[in-house]
Amino acid sequence: MAELIHNPDKLEIARAEVIKLMENKKSMIQEADIPQLPYLQAVIKETLRLHPPVPFLIPHQAIHDVQIQGFMVPKNAQILCNVWAMGRDPKVWLHPEKFMPERFLEVKIDYRGQDFELIPFGSGRRICPGLNMAHRMLHIMIGSLIQKFDWKLEGNMKAQDIDMDEKFALTLQMNVPLKATPFKI
Ligand code: HEM
């Protein structure tokens, strides 16, 4: 929500897509609607790229010595995987600091653990078992929040003034929590 409110033009594109799809349906967004919302999917991917909720994954341990791209990782070494930095690597992402959901409309990069440039849920046998649930919840919640409401920032703050800095811990949070009021559309 913070990135969408911070980028009102992207919010409008995502909202228009949801409203168009839902205009002839009586229900709220359902799981079955997600495949028909490519821009919303791109918004969720872009948000997880820039703000992975578990920025270093959960610590792993090497079970034997392993050589990776010229680096020796010794047996028993604790491994923190910095997905936050991977999501902002200029060698991988064009304008990495920018919130550009469009980048995911042209490529088939997904967060299901097969595309190693985007692994906010981890990868391999310890990949997040809640991935499918999170995938459904994120699309349905964000889709519904933008479909039904417009958002106003506290104290007449302007969208560009939102402090997007983050606080690092096991999970990543906004340094200054977002305060926005919903208005029914
Ligand atoms: C946006 C939402 C979520 C994100 C980004 C996320 C991310 C992660 C990450 C990065 C890991 C560690 C993977 C690794 O070390 O390689 C993890 C593990 C785990 N997640 Fe999630 N998660 C989310 C939602 C959920 C939900 C909704 C559930 C449960 C309903 C869940 C349950 C778990 C459990 C049980 C583990 C430990 C798995 C293990 O160590 O074998 N997560 N998650």
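In this predicted model, Cys81 has a relative accessibility of 21% and is therefore classed as partly exposed, since the partly exposed class lies between the buried class, under 20%, and the exposed class, over 50%. The cysteine sulfur closest to that of Cys81 belongs to Cys128, and because the two sulfurs are 14 Å apart, they are too far from each other for a bond. A disulfide would require a pair of cysteine sulfur atoms within 2.5 Å, and the structure as a whole holds zero disulfides.

Cys128 is placed in the loop that runs between helix 4 (83-86) and helix 5 (131-148). With a relative accessibility of 29%, Cys128 also falls in the partly exposed class. The sulfur atom of this residue, SG, is located 2.2 Å from the iron atom of the ligand, and Cys128 is the only protein donor of that iron. In the UniProt record, an unreviewed entry, Cys128 is listed under the feature "binding site".

Attention then turns to charged side chains, among which a search of the whole structure identifies ten salt bridges. One of the pairs joins Lys25 to Asp33, with the closest N and O atoms 2.6 Å apart. The two partners of this pair can be described separately: Lys25 is partly exposed, at 34% relative accessibility, whereas Asp33 is buried, at 4%.

A further salt bridge connects Glu46 with Arg49, and here the closest N and O atoms are separated by 2.8 Å. Both residues belong to helix 3 (residues 38-50), where they are three residues apart, a spacing of about one turn of the helix. Glu46 has a relative accessibility of 0% and so counts as buried, and Arg49, with a relative accessible area of 1%, is likewise assigned to the buried class. Because buried means under 20% relative accessible area, the charged side chains of this pair both fall in that class, at 0% for Glu46 and 1% for Arg49.

The side chains of Glu97 and Arg88 also meet in a salt bridge, with an N to O distance of 3.0 Å. In this pair, Glu97 is exposed, having a relative accessible area of 56%, while Arg88 is buried, with a value of 13%. Salt bridges may also be joined into networks, as is found for Glu12, Arg15 and Asp150, which are linked in this way.

Conventions. Residues are numbered from 1 along each chain as its sequence is written. This is a predicted model: local features need pLDDT of at least 70, side-chain atom pairs count only at pLDDT 80 or more; totals for chains, interfaces and linings use all residues. Side-chain values use heavy atoms; hydrogens and water are left out. UniProt positions are given in the numbering used here, feature names are shortened, and annotations may be inferred rather than shown by experiment. Helices (H or I, at least four residues) and strands (E, at least two) are DSSP runs, numbered from the N terminus. Buried means under 20% relative accessible area, exposed over 50%, partly exposed in between (1.4 Å probe, protein chains only). Donors are N, O and S atoms within 2.8 Å of the metal (3.2 Å for Na, K and Ca); water is not among the atoms, so sites may look incomplete. A salt bridge is a side-chain nitrogen of Lys or Arg within 4 Å of a carboxyl oxygen of Asp or Glu.
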